Amino acid sequence: MKSHIQNIKIFNKEFYLKRDDLIDKEFSGNKFRKLQYYLDRDFPQIECIVSHGGIQSNMMYSLSCLAKMKNWKFIYYTKNVSQQAIISREGNYFSAKQNGMELYELGADYNNFISTLTPHSNQLFISQGGHQIEAKYGIDILGKELLDWAENNDIVNFNVFLPSGTGTSALYLQQKIKPNIVYTTNCVGGVEYLKKQFFELSSDIQDHPYILQNNKFRFAELNIELLEMYKTLKIQSNVEFDLLYDPVGWHVLLENFEELKSCPTIYIHCGGTLGNRTQLMRYEYFLSKNSY
Ligand SMILES: *Cc1c(COP(=O)(O)O)cnc(C)c1O
């Protein structure tokens, strides 16, 4: 399985777009890459996936697909389940439940419970967002696709940009495609959080992507500027991007375009558009309460 690369023009600037959002119907984008290790192997002793994180996480939904394909149970721990997640008839939580996810809401006990959790031998534990070495297998394949594409198109040097959550995708991609540079931005925590995430996977700073700082947008917080960016991207490129990572990513990328323009930049579309349904509902409600 392989995704294609197309040209796009955003605010009159040219980019290549790697359509990893289209790579698989079930798993979106980089979650397919991060879980490919498990897809390509048999695990005869495993009967259940155990993981944890946010209630509308793209990884949570993708794990529910993996469990369903493998005929495994899927146990997921989260801190809080929002009212909106419960009532929504679409989006990651709704779809994961349909795939048979067993959910436990832990509230204040969450951190303590997760840090002391010891999986059984028939359980496969996947850390939050798939921040672990197994992700390297699929991200290496993505990196190889980019290197092959550049070679076939006589492109000697290129940049890659993708927005980071756990930073797992950006790090393994940088490891694979150096000396080409992977640029990223911190969507979930601050810059220090992202650096720490990189160090957890590799102590060699040559492997670390270049961070273009995001000091403005906080993860999943509603912001009209981001909604406008999402709409503009759709109009200008005819591509639907996700609402949590991509508008922040494009904002930061465009702001730093001068720094990157000495060679072509490939933007990795990491998928996640299933989560847009619930996020758009939040915006609708937000806009009806506030007049702009
Ligand atoms: C998960 C995700 C990311 C971030 O991937 P990490 O490897 O955790 O940094 C970026 N964009 C989208 C749409 C995602 O779903």
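This is a conversation about how contacts, rings and burial are named in one predicted model.

Mentor: Welcome! The model is predicted, so local features need pLDDT of at least 70 and side-chain atom pairs count only at pLDDT 80 or more, while totals for chains, interfaces and linings use all residues. Residues are numbered from 1 along each chain as its sequence is written, and side-chain values use heavy atoms, with hydrogens and water left out.

Trainee: Thanks! What makes a residue part of the group around the ligand?

Mentor: A residue is near a molecule if one of its heavy atoms lies within 4 Å of it. The ligand has 15 residues around it, and Lys31, Lys34, Asn58, Thr166 and Ser169 come nearest.

Trainee: Why is the approach of lysine 34 to the ligand called a polar contact?

Mentor: A polar contact is a pair of N or O atoms within 3.5 Å; within protein, one must be able to donate a hydrogen and the other to accept it, and residues adjacent in sequence count only if both atoms are side-chain atoms. A polar side-chain atom of lysine 34 is 2.7 Å from an oxygen atom of the ligand, so the pair qualifies. Asparagine 30 also places a polar side-chain atom 2.9 Å from a ligand oxygen, and glycine 167 has a polar backbone atom at 2.8 Å from one.

Trainee: How much of the ligand does the protein cover?

Mentor: The protein covers 98% of the 380 Å² of accessible area that the ligand has on its own, with areas taken from the Shrake-Rupley method and a 1.4 Å probe. Helix H1 (30–39) and helix H7 (168–177) each give two or more residues to the shell, and H1 gives the most, with 3 residues.

Trainee: Why is the pair of tyrosine 37 and tyrosine 38 called edge-to-face?

Mentor: Rings of Phe, Tyr and Trp (its six-membered ring) pair if their centres lie within 6.5 Å; planes under 30 degrees apart are stacked, over 60 edge-to-face, and the rest tilted. The two tyrosines have centres 5.2 Å apart and planes at 85 degrees, so edge-to-face is the right name.

Trainee: And which of these two tyrosines is buried, and which is partly exposed?

Mentor: Buried means under 20% relative accessible area, exposed over 50%, and partly exposed in between (1.4 Å probe, protein chains only). Tyrosine 38 is at 2%, so it is buried; tyrosine 37 is at 23%, so it is partly exposed.

Trainee: What makes the pair of tyrosine 77 and phenylalanine 113 tilted?

Mentor: Their planes are 55 degrees apart, with 4.7 Å centre to centre, so the pair falls into the remaining class, tilted. The pair links distant parts of the chain: tyrosine 77 in strand E4 and phenylalanine 113 in helix H5 are 36 residues apart. Tyrosine 77 is buried because its relative accessible area is 14%, whereas phenylalanine 113, at 32%, is partly exposed.

Trainee: How do you know that arginine 41 sits over the ring of tyrosine 137?

Mentor: A charge sits over a ring if NZ of Lys or CZ of Arg is within 6 Å of the ring centre and within 35 degrees of the ring normal. Arginine 41 lies over the face of tyrosine 137 at 4.7 Å from the ring centre.

Trainee: Last one: why is serine 237 called buried?

Mentor: Serine 237 has a relative accessible area of 11%, so it counts as buried. Serine 237 lies in helix H9, and its side chain reaches the backbone oxygen of leucine 233 at 2.5 Å and the backbone nitrogen of valine 239 at 3.2 Å.

Key
Helices (H or I, at least four residues) and strands (E, at least two) are DSSP runs, numbered from the N terminus.
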